[in-house]
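Open your viewer, show the side chains as sticks and keep the sequence panel at hand. We will go from stop to stop, selecting a few residues each time.

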Amino acid sequence: VNRSLLAAFDGAQAGSPIALQFGVGGVDAFREANGELAATTGLSQSVTASQSLLFPGNVAFVNRFRRTTTRSWTRRLEDAQSVADGAQTVFPDVSMRWSWQPPASIQPYVKSLGANAGYARSLASAFLPGDEFGARPELRGSRVRTIPLNTSVAWGFGRGLTTSAAYTTTLRTDSLPGSVADGKTEEMSLDVGRSFKFPKSLGFTIENDIRARIGWQQTRTSTYISDLARLGTSRLADNGRSAFSVNADTDLSETVIFTLQGSRVLTYDRNFNRSASLLVLSTVLQVQFFGDAK
(Lines give C-alpha, C1' and ligand atoms only; values in the text may rest on other atoms or scores of the structure.)
Protein backbone atom coordinates (compact mmCIF):
# COMPACT_ATOMS: atom_id res chain seq x y z
CA VAL A 1 0.00 0.00 0.00
CA ASN A 2 1.46 3.35 -1.02
CA ARG A 3 0.18 6.92 -0.59
CA SER A 4 1.94 10.02 -1.88
CA LEU A 5 1.25 13.76 -1.88
CA LEU A 6 2.88 16.37 -4.09
CA ALA A 7 2.45 20.15 -4.25
CA ALA A 8 4.00 22.99 -6.26
CA PHE A 9 3.67 26.72 -5.53
CA ASP A 10 4.29 29.62 -7.92
CA GLY A 11 5.51 32.96 -6.58
CA ALA A 12 5.23 31.98 -2.94
CA GLN A 13 5.56 34.97 -0.61
CA ALA A 14 6.83 32.99 2.39
CA GLY A 15 8.72 29.81 3.25
CA SER A 16 7.18 26.35 3.50
CA PRO A 17 5.26 25.62 6.71
CA ILE A 18 6.51 22.84 8.95
CA ALA A 19 3.47 20.67 8.14
CA LEU A 20 4.32 20.85 4.43
CA GLN A 21 8.03 20.21 4.94
CA PHE A 22 7.46 17.05 7.00
CA GLY A 23 4.45 15.81 5.03
CA VAL A 24 1.91 15.98 7.84
CA GLY A 25 -1.47 17.65 8.05
CA GLY A 26 -3.23 15.81 5.23
CA VAL A 27 -4.26 17.02 1.80
CA ASP A 28 -5.28 20.49 2.97
CA ALA A 29 -1.74 21.22 4.12
CA PHE A 30 -0.54 20.61 0.55
CA ARG A 31 -3.33 22.47 -1.21
CA GLU A 32 -2.81 25.73 0.67
CA ALA A 33 0.12 27.25 2.55
CA ASN A 34 0.44 30.69 4.16
CA GLY A 35 -2.98 31.65 2.74
CA GLU A 36 -1.92 30.88 -0.87
CA LEU A 37 -3.32 28.12 -3.05
CA ALA A 38 -0.87 25.71 -4.61
CA ALA A 39 -0.45 25.85 -8.38
CA THR A 40 -0.84 22.06 -8.51
CA THR A 41 -1.49 19.42 -5.86
CA GLY A 42 -1.53 15.69 -6.45
CA LEU A 43 -2.72 12.77 -4.34
CA SER A 44 -1.93 9.20 -5.39
CA GLN A 45 -2.91 5.98 -3.61
CA SER A 46 -2.09 2.48 -4.79
CA VAL A 47 -2.59 -1.09 -3.62
CA THR A 48 -0.43 -3.87 -5.03
CA ALA A 49 -0.57 -7.61 -4.41
CA SER A 50 1.20 -10.53 -6.04
CA GLN A 51 1.50 -14.27 -5.67
CA SER A 52 3.91 -16.85 -7.07
CA LEU A 53 3.35 -20.55 -7.64
CA LEU A 54 6.26 -22.89 -8.31
CA PHE A 55 5.56 -26.13 -10.19
CA PRO A 56 7.75 -29.14 -10.96
CA GLY A 57 9.88 -28.86 -14.06
CA ASN A 58 11.17 -25.33 -13.28
CA VAL A 59 7.82 -23.72 -14.09
CA ALA A 60 6.80 -20.56 -12.24
CA PHE A 61 3.42 -18.81 -12.40
CA VAL A 62 3.15 -15.21 -11.17
CA ASN A 63 -0.06 -13.20 -10.81
CA ARG A 64 -0.19 -9.52 -9.85
CA PHE A 65 -2.92 -7.01 -8.97
CA ARG A 66 -2.52 -3.23 -8.90
CA ARG A 67 -5.11 -0.55 -8.19
CA THR A 68 -4.16 3.13 -8.35
CA THR A 69 -6.35 6.19 -7.76
CA THR A 70 -5.28 9.78 -8.29
CA ARG A 71 -6.77 13.20 -7.60
CA SER A 72 -5.17 16.45 -8.71
CA TRP A 73 -6.01 20.09 -8.04
CA THR A 74 -4.99 22.86 -10.45
CA ARG A 75 -5.28 26.55 -9.60
CA ARG A 76 -7.48 28.43 -12.07
CA LEU A 77 -8.21 31.60 -10.11
CA GLU A 78 -6.67 33.23 -7.06
CA ASP A 79 -9.19 31.49 -4.79
CA ALA A 80 -10.32 28.45 -6.81
CA GLN A 81 -8.91 25.12 -7.94
CA SER A 82 -10.24 22.62 -10.46
CA VAL A 83 -10.23 18.89 -9.66
CA ALA A 84 -9.46 15.88 -11.84
CA ASP A 85 -9.87 12.25 -10.76
CA GLY A 86 -8.26 9.16 -12.23
CA ALA A 87 -8.18 5.44 -11.56
CA GLN A 88 -6.33 2.48 -13.01
CA THR A 89 -6.67 -1.25 -12.39
CA VAL A 90 -4.19 -3.78 -13.73
CA PHE A 91 -5.66 -7.29 -13.43
CA PRO A 92 -5.10 -9.94 -14.49
CA ASP A 93 -1.36 -9.53 -14.90
CA VAL A 94 -0.02 -13.06 -15.22
CA SER A 95 3.23 -14.51 -16.47
CA MET A 96 4.55 -18.02 -16.90
CA ARG A 97 8.29 -18.72 -16.79
CA TRP A 98 9.98 -21.97 -17.75
CA SER A 99 13.65 -22.93 -17.74
CA TRP A 100 15.30 -26.20 -18.68
CA GLN A 101 18.75 -27.48 -17.86
CA PRO A 102 19.33 -30.49 -20.14
CA PRO A 103 21.17 -33.63 -19.02
CA ALA A 104 24.91 -34.00 -19.59
CA SER A 105 24.39 -35.96 -22.80
CA ILE A 106 22.61 -33.01 -24.45
CA GLN A 107 24.71 -30.13 -23.05
CA PRO A 108 27.27 -30.35 -25.88
CA TYR A 109 24.43 -29.11 -28.07
CA VAL A 110 22.12 -27.14 -25.74
CA LYS A 111 23.23 -25.79 -22.37
CA SER A 112 20.00 -24.12 -21.29
CA LEU A 113 16.61 -23.14 -22.60
CA GLY A 114 14.14 -20.59 -21.23
CA ALA A 115 10.77 -19.16 -22.22
CA ASN A 116 8.34 -16.56 -20.86
CA ALA A 117 4.73 -15.79 -21.70
CA GLY A 118 2.30 -13.36 -20.13
CA TYR A 119 -0.92 -11.44 -20.36
CA ALA A 120 -1.86 -8.12 -18.73
CA ARG A 121 -5.05 -6.08 -18.88
CA SER A 122 -5.25 -2.48 -17.74
CA LEU A 123 -8.44 -0.46 -17.27
CA ALA A 124 -8.07 3.28 -16.69
CA SER A 125 -10.51 6.17 -16.39
CA ALA A 126 -10.24 9.93 -15.89
CA PHE A 127 -12.99 12.31 -14.82
CA LEU A 128 -12.84 16.08 -15.34
CA PRO A 129 -15.83 17.82 -13.73
CA GLY A 130 -17.28 21.00 -15.19
CA ASP A 131 -16.46 24.46 -13.84
CA GLU A 132 -18.12 27.81 -13.43
CA PHE A 133 -17.11 28.85 -16.97
CA GLY A 134 -19.56 26.38 -18.51
CA ALA A 135 -17.20 23.53 -19.32
CA ARG A 136 -19.02 20.20 -19.37
CA PRO A 137 -17.92 17.21 -17.31
CA GLU A 138 -15.65 14.90 -19.27
CA LEU A 139 -15.10 11.19 -18.73
CA ARG A 140 -12.35 9.30 -20.52
CA GLY A 141 -11.51 5.63 -20.38
CA SER A 142 -8.92 3.29 -21.85
CA ARG A 143 -8.37 -0.44 -22.00
CA VAL A 144 -4.94 -1.91 -22.73
CA ARG A 145 -4.12 -5.58 -23.28
CA THR A 146 -0.50 -6.71 -23.54
CA ILE A 147 0.81 -10.16 -24.51
CA PRO A 148 4.61 -10.60 -24.24
CA LEU A 149 6.42 -13.72 -25.48
CA ASN A 150 10.16 -14.41 -25.43
CA THR A 151 12.57 -17.29 -25.48
CA SER A 152 16.35 -17.73 -25.17
CA VAL A 153 18.77 -20.58 -25.87
CA ALA A 154 22.38 -21.02 -24.73
CA TRP A 155 24.06 -23.41 -27.13
CA GLY A 156 26.81 -25.86 -26.22
CA PHE A 157 28.88 -25.10 -29.31
CA GLY A 158 30.17 -21.96 -30.97
CA ARG A 159 32.17 -20.49 -28.04
CA GLY A 160 29.30 -19.19 -25.93
CA LEU A 161 26.72 -18.90 -28.70
CA THR A 162 23.39 -17.52 -27.42
CA THR A 163 20.18 -16.67 -29.26
CA SER A 164 16.99 -14.97 -28.13
CA ALA A 165 13.73 -13.83 -29.67
CA ALA A 166 10.86 -11.75 -28.34
CA TYR A 167 7.44 -10.64 -29.55
CA THR A 168 5.01 -8.32 -27.77
CA THR A 169 1.63 -7.17 -28.97
CA THR A 170 -0.39 -4.40 -27.32
CA LEU A 171 -4.02 -3.61 -28.08
CA ARG A 172 -5.40 -0.30 -26.84
CA THR A 173 -8.92 1.17 -26.90
CA ASP A 174 -9.45 4.78 -25.82
CA SER A 175 -12.90 6.22 -25.25
CA LEU A 176 -12.78 9.95 -26.01
CA PRO A 177 -15.60 12.52 -26.03
CA GLY A 178 -17.60 11.64 -29.16
CA SER A 179 -15.10 9.11 -30.56
CA VAL A 180 -13.28 5.83 -29.98
CA ALA A 181 -9.63 5.17 -30.84
CA ASP A 182 -8.32 1.63 -31.44
CA GLY A 183 -4.57 1.09 -31.53
CA LYS A 184 -2.22 -1.83 -32.02
CA THR A 185 1.51 -2.00 -31.36
CA GLU A 186 3.79 -4.90 -32.30
CA GLU A 187 7.37 -5.24 -31.11
CA MET A 188 9.73 -7.93 -32.40
CA SER A 189 13.39 -8.58 -31.71
CA LEU A 190 16.10 -11.14 -32.51
CA ASP A 191 19.49 -11.31 -30.85
CA VAL A 192 22.56 -13.49 -31.50
CA GLY A 193 25.77 -13.34 -29.47
CA ARG A 194 28.98 -15.32 -29.35
CA SER A 195 32.72 -15.02 -28.68
CA PHE A 196 35.54 -15.80 -31.08
CA LYS A 197 39.26 -15.36 -31.56
CA PHE A 198 40.59 -12.57 -33.75
CA PRO A 199 42.02 -13.99 -37.02
CA LYS A 200 45.81 -13.90 -36.89
CA SER A 201 45.90 -13.67 -40.69
CA LEU A 202 44.96 -9.98 -40.40
CA GLY A 203 48.27 -9.22 -38.72
CA PHE A 204 46.96 -8.31 -35.24
CA THR A 205 47.85 -10.20 -32.09
CA ILE A 206 44.83 -10.16 -29.75
CA GLU A 207 44.85 -12.98 -27.22
CA ASN A 208 41.53 -12.23 -25.52
CA ASP A 209 38.18 -13.24 -26.99
CA ILE A 210 36.12 -10.80 -29.03
CA ARG A 211 32.56 -10.64 -27.71
CA ALA A 212 30.18 -9.95 -30.59
CA ARG A 213 26.43 -9.42 -30.70
CA ILE A 214 24.01 -8.86 -33.57
CA GLY A 215 20.51 -7.57 -32.94
CA TRP A 216 17.38 -6.69 -34.88
CA GLN A 217 14.36 -4.83 -33.53
CA GLN A 218 11.14 -3.74 -35.19
CA THR A 219 8.18 -1.75 -33.88
CA ARG A 220 4.92 -1.08 -35.71
CA THR A 221 2.07 1.09 -34.43
CA SER A 222 -1.31 1.83 -35.97
CA THR A 223 -4.27 3.78 -34.58
CA TYR A 224 -7.74 4.16 -36.07
CA ILE A 225 -10.39 6.53 -34.77
CA SER A 226 -14.14 6.19 -35.25
CA ASP A 227 -17.39 7.71 -33.98
CA LEU A 228 -19.27 6.18 -31.07
CA ALA A 229 -21.57 4.25 -33.43
CA ARG A 230 -18.49 3.02 -35.36
CA LEU A 231 -20.09 4.00 -38.66
CA GLY A 232 -16.97 5.71 -39.96
CA THR A 233 -13.28 4.99 -39.36
CA SER A 234 -10.21 7.07 -40.13
CA ARG A 235 -6.54 6.21 -39.80
CA LEU A 236 -4.93 8.43 -37.19
CA ALA A 237 -1.40 6.96 -37.10
CA ASP A 238 0.58 4.29 -38.94
CA ASN A 239 4.28 4.38 -38.24
CA GLY A 240 7.14 2.12 -37.29
CA ARG A 241 10.83 1.69 -36.68
CA SER A 242 13.34 -1.05 -37.47
CA ALA A 243 16.95 -1.23 -36.36
CA PHE A 244 19.85 -3.55 -37.13
CA SER A 245 22.84 -3.27 -34.80
CA VAL A 246 26.25 -4.88 -34.42
CA ASN A 247 28.40 -4.62 -31.31
CA ALA A 248 31.86 -6.07 -30.62
CA ASP A 249 34.29 -5.48 -27.77
CA THR A 250 37.48 -7.03 -26.47
CA ASP A 251 40.05 -6.53 -23.73
CA LEU A 252 43.26 -5.26 -25.32
CA SER A 253 44.94 -5.45 -21.91
CA GLU A 254 43.98 -5.46 -18.24
CA THR A 255 43.21 -1.75 -18.38
CA VAL A 256 42.12 -1.12 -22.00
CA ILE A 257 38.80 -2.16 -23.59
CA PHE A 258 38.05 -1.55 -27.27
CA THR A 259 34.43 -1.39 -28.51
CA LEU A 260 33.09 -1.13 -32.05
CA GLN A 261 29.40 -0.35 -32.62
CA GLY A 262 27.33 0.04 -35.75
CA SER A 263 23.60 0.39 -36.40
CA ARG A 264 21.17 1.23 -39.16
CA VAL A 265 17.80 2.64 -38.13
CA LEU A 266 14.85 3.03 -40.49
CA THR A 267 11.70 4.93 -39.50
CA TYR A 268 8.54 5.43 -41.54
CA ASP A 269 5.22 7.24 -41.27
CA ARG A 270 2.61 6.12 -43.76
CA ASN A 271 0.15 8.81 -42.73
CA PHE A 272 2.49 11.48 -44.09
CA ASN A 273 4.19 9.21 -46.66
CA ARG A 274 7.71 9.78 -45.38
CA SER A 275 10.64 7.73 -44.12
CA ALA A 276 14.14 8.31 -42.78
CA SER A 277 17.27 6.19 -42.60
CA LEU A 278 20.11 6.68 -40.13
CA LEU A 279 23.50 4.95 -40.16
CA VAL A 280 25.69 5.20 -37.03
CA LEU A 281 29.26 3.93 -36.59
CA SER A 282 31.22 4.50 -33.38
CA THR A 283 34.38 3.28 -31.70
CA VAL A 284 35.21 3.56 -28.02
CA LEU A 285 38.57 3.04 -26.30
CA GLN A 286 38.11 2.72 -22.55
CA VAL A 287 41.18 3.09 -20.35
CA GLN A 288 41.01 2.22 -16.64
CA PHE A 289 43.52 3.37 -14.03
CA PHE A 290 44.02 1.85 -10.60
CA GLY A 291 45.86 3.32 -7.65
CA ASP A 292 46.95 2.01 -4.29
CA ALA A 293 46.34 4.45 -1.44
CA LYS A 294 48.48 3.88 1.66
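Salt bridges make a good opening theme: a search of the whole structure, which is a predicted model, finds 12 of them. Side chains of opposite charge can pair when their charged atoms come close.

**Stop 1: Asp93 and Arg64**

Select Asp93 and Arg64, a salt-bridged pair whose closest N and O atoms are 3.4 Å apart. Asp93 belongs to strand E6 and Arg64 to strand E5, so their pairing ties together parts that lie 29 residues apart in sequence. Are these two buried or partly exposed? Asp93 counts as buried because its relative accessibility is 15%, under the 20% cut-off. Arg64, with a relative accessible area of 29%, is partly exposed.

**Stop 2: the strands around Asp93**

Now switch to a cartoon view and colour residues 59-77, which form strand E5, and residues 80-100, which form strand E6. These two strands pair in the antiparallel sense over 17 bridges. To see one of the pairings, pick Val62 and look across to its bridge partner in E6, Ser95. E6 is also joined to E7, again antiparallel, by 14 bridges. Here Asp93 comes up once more: its bridge partner in E7 is Ala120.

**Stop 3: Leu113**

Stay with strand E7, which covers residues 110-128, and select Leu113 within it. Leu113 is partly exposed, at a relative accessible area of 22%. Which residues does Leu113 touch, not counting those up to four places away in sequence? They are Trp98, Ser99 and Trp100, along with Thr151, Ser152 and Val153. For a distance to try in your viewer, pick the C-alpha atoms of Leu113 and Trp155: they are separated by 8.7 Å, although the two residues are 42 apart along the chain.

**Stop 4: Asp174**

Move on to strand E9, residues 162-176, where you will find Asp174. Asp174 is buried, with a relative accessible area of 17%. Show the side chain of Arg172 as well, and you will see a polar contact of 2.9 Å between the side chains of Asp174 and Arg172. Leaving aside neighbours within four places in sequence, Asp174 is in contact with Gly141 and Ser142, and also with Ser179, Val180 and Ala181.

**Stop 5: Asp191 and Arg213**

Back to salt bridges: select Asp191 and Arg213, whose side chains meet at 2.4 Å, N to O. Asp191 sits in strand E10 (residues 179-196) and Arg213 in strand E11 (residues 210-227), so this pair ties together parts 22 residues apart in sequence. Arg213 counts as partly exposed, at 40% relative accessibility.

**Stop 6: Arg211 and Asp251**

Keep strand E11 in view and add Arg211, which forms a salt bridge with Asp251; their closest N and O atoms are 3.5 Å apart. Arg211 lies in E11 and Asp251 in strand E12 (residues 233-251), so the parts tied together here are 40 residues apart in sequence. Arg211 is partly exposed, with a relative accessible area of 33%. Asp251 is partly exposed too, at 25%.

**Last stop: a network**

Which residues are joined into one network by salt bridges that share partners? Select Arg159, Lys197 and Asp209 to see them together.

Methods:
Residues numbered from 1 in each chain as written. Predicted model: local features only at pLDDT ≥ 70, side-chain atom pairs only at ≥ 80, totals over all residues. Heavy atoms only, no water. Helix = DSSP H or I, 4+ residues; strand = E, 2+ residues; numbered from the N terminus. Buried < 20%, exposed > 50% of the residue type's maximum accessible area, 1.4 Å probe, protein only. Polar contact = N/O pair within 3.5 Å; in protein donor to acceptor, adjacent residues only side chain to side chain. Contact = heavy atoms within 4.5 Å. Pairing = 2+ DSSP bridges. Salt bridge = Lys/Arg side-chain N within 4 Å of Asp/Glu carboxyl O.
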